[in-house]
Amino acid sequence: MFFDRHEGGEVAVLVHLELKDEGEREDPQEFMELVQSTQVSSAAFITANNQNPNPRYFVGPGKVEEIRDLVTLHQADVVIFNHTLSPSQERNLEKELKARVIDRTGLILDIFAQRARTFEGKLQVELAQLQHMSTRLVRGWTHLERQKGGIGLRGPGETQLETDRRLLRARIKSITRKLEKVRRQREQGRRSRQRADIPLVSLVGYTNAGKSTLFNSMTESVVYAADQLFATLDPTLRRLDLQDTGPVILADTVGFIRHLPHKLVEAFRATLEETRQADLLLHVIDSHDPERLDNIEQVHNVLDEIDAMNVPILQVFNKVDLLEGVEPKIQRDDNGKPVRVWVSAVTGAGLDLLETAISELMAEDMVEGCLSLQPAQGRVRSRLYQLGAIRKEEYSDGGLLLLDICIPRQDFDRLAKQESLAEDCLKLHH
């Protein structure tokens with residue numbers, strides 16, 4: 001990383017406010033889980049009812065004094081707020097508390113920095129960190145306003161702040177160029193999949209809903225999965241062969257969270273493309289979480305922000321093994337279309353139902369029927385076998401080859417055009 005990140009073992013004082021504006025409220029339990037993900041030891045947890053944040057310190061002067069006493073008592077290295085602070089609030093608090101102050105965005109960025117494993121993931125995290133830090137640098141670091149001087153450097157010179165800004169801009173430009181190259185490579189891979197007509201199914205959901213465990217169970221892969229927030233940052237793609245509709249590409253993506261910092265959404269736009277370009281989204285939901293309805297809404301907010309709400313969604317209620325009296329099942333709408341599947345990624349219960357639901361949704365634009373071919377049309381039969389479209393074959397009394405097929409409509413239309421198939425050679429199933 002361009003900036004050194006402090007390693008674990010630090011002592012922290014945590015601050016959470018119950019705000020008047022419901023849209024700005026954060027979850028204290030989720031805050032604790034975020035902090036536990038950073039290897040920081042929490043010495044104290046301060047809560048307060050604050051109708052309107054203080055413009056200078058975010059908390060009131062009395063609360064600042066209480067925090068300062070706890071920092072001194074526990075010899076805390078850092079104070080972490082479960083809210084977004086302005087650069088000036090962060091600076092004012094550091095001056096009063098004599099300790100580093102990190103807001104919610106900085107905390108999430110730090111977790112992302114620990115989790116990133118691939119070259120692209122590390123670049124994306126660093127870009128988000130630099131963009132976040134640049135606002136602190138420009139508006140906050142007045143203590144760096146000092147002139148260079150000394151032999152060979154006399155004259156007006158350049159302030160340290162200006163130097164730091166210039167270095168930041170250069171580094172941000174360099175990372176952006178590298179990410180653009182990675183994005184072009186990813187786009188080439190995406191175009192190759194589209195040319196091969198392989199549908200993309202992308203897993204989305206609130207962080208720690210069990211997406212990676214489900215991904216591993218469905219594809220028999222070994223993707224890192226842990227009971228912690230943001231265990232997965234880097235998108236992983238695997239081929240999954242569905243019994244009725246053939247192969248699909250399954251993508252595991254980064255988990256969402258309430259008020260996901262906009263800088264992270266921007267930095268991870270390339271990763272989130274796998275969500276936007278998908279043919280179907282599997283929205284994985286922790287059915288055991290009492291906050292699940294709120295989490296569903298937060299995921300929809302992020303999907304809306306990345307323009308992915310127009311992609312068809314199948315809800316996957318995971319962790320049914322933790323619920324009493326709930327069995328794996330498919331729930332359908334009034335038209336019989338699957339809208340929700342109840343499964344357990346850990347035990348594997350209901351995964352066959354999930355594959356059935358995916359197949360049905362993928363097959364909405366499928367051609368299913370009996371295709372009649374003349375003996376001379378053996379090449380058509382061969383191509384249909386290559387596409388995995390033939391379910392059964394037999395010969396009629398008149399010597400015609402009868403093929404029971406299930407094939408994506410675009411594949412069939414292309415084949416019919418190339419092989420000049422007559423319209424009456426296909427009888428659709430009803």
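What is the relative accessible area of Glu18? The answer is 33%, which makes Glu18 partly exposed. The close-ups below come from a predicted model, where local features need pLDDT of at least 70 and side-chain atom pairs count only at pLDDT 80 or more, while totals for chains, interfaces and linings use all residues. Residues are numbered from 1 along each chain as its sequence is written, and side-chain values use heavy atoms, leaving out hydrogens and water.

**View 1. Glu18 and Thr47 come together in space.**
Glu18 belongs to strand S1. (Helices, H or I with at least four residues, and strands, E with at least two, are DSSP runs numbered from the N terminus.) Count along the chain and Thr47 is 29 residues from Glu18, but their C-alpha atoms are separated by 7.5 Å. As for "partly exposed", that label falls between buried (under 20% relative accessible area) and exposed (over 50%), using a 1.4 Å probe and protein chains only.

**View 2. Met133 pairs up in space with Leu168.**
Look for Met133 in helix H5, which covers residues 119-140. Leu168 sits 35 residues away in sequence, and the C-alpha to C-alpha distance is 8.9 Å. With a relative accessible area of 23%, Met133 is partly exposed.

**View 3. Here is the largest nonpolar core, with 31 residues.**
A nonpolar core is a set of buried Ala, Val, Leu, Ile, Met, Phe, Trp, Tyr and Cys residues joined through side-chain atoms within 4.5 Å. Which residues touch the most other members of this one? They are Ile80, Leu107, Phe256 and Leu303. Several elements each supply at least two core residues, among them strand S1 (11-19), helix H1 (28-36), strand S3 (78-81) and helix H10 (292-305). H4 gives the largest share, five residues. If you wonder about the general trend, nonpolar side chains tend to be buried together in soluble globular proteins.

**View 4. Helix H3 has a buried set of residues and an exposed Lys95.**
H3 runs over residues 87-97 and contains Lys95. Its buried residues are Pro87, Gln89, Glu90, Asn92, Leu93 and Leu97. Lys95, on the other hand, counts as exposed because its relative accessibility is 62%. Lys95 also joins Arg56, Arg91 and Lys98 in a positive surface patch. (Patch residues have over 30% relative accessible area and no salt bridge; like charges are joined within 9 Å, and nonpolar side chains within 5 Å.)

**View 5. Lys98 and Gln75 both have a positive phi.**
Lys98 comes just after H3 and takes a phi of about 55°, although it is not a glycine. Its place is the loop between H3 and strand S4 (100-102), and at 68% relative accessible area Lys98 is exposed. Gln75 is not a glycine either, and its phi is about 50°. Find Gln75 in the loop between H2 and S3; at 67% relative accessibility, Gln75 is exposed too. For background, most residues other than glycine have a negative phi.

**View 6. Glu66 and Lys63 form a salt bridge within helix H2.**
A salt bridge is a side-chain nitrogen of Lys or Arg within 4 Å of a carboxyl oxygen of Asp or Glu. By this rule there are twelve salt bridges. In this one, the N to O distance is 3.1 Å. Glu66 and Lys63 are separated by about one helical turn because they are three residues apart in H2 (residues 61-74). Glu66 is partly exposed at 36%, whereas Lys63 is buried at 19%.

**View 7. Lys319 and Asp286 share a salt bridge.**
Their side chains meet at 3.2 Å, N to O. Lys319 lies in the loop between strand S9 (313-318) and strand S10 (329-332) and Asp286 in strand S8 (residues 280-286), so this pair ties together parts that are 33 residues apart in sequence. Are the two partners buried or exposed? Lys319 counts as buried at 18% relative accessibility, and Asp286 is buried at 15%.

**View 8. Glu368 and Arg391 belong to a network of salt bridges.**
The Glu368–Arg391 salt bridge spans 3.0 Å, N to O. The pair links distant parts of the chain, with Glu368 in strand S12 (residues 366-373) and Arg391 in strand S13 (residues 390-395), 23 residues apart. Glu368 is partly exposed at 29% relative accessibility, and Arg391 is partly exposed at 39%. Asp404 is the other member of the network.

Conventions
Areas by Shrake-Rupley, 256 points an atom, 1.4 Å probe, with all protein chains shown as cover. Lys, Arg positive; Asp, Glu negative; His and termini not counted. Charge placed at Lys NZ, Arg CZ, Asp CG, Glu CD.
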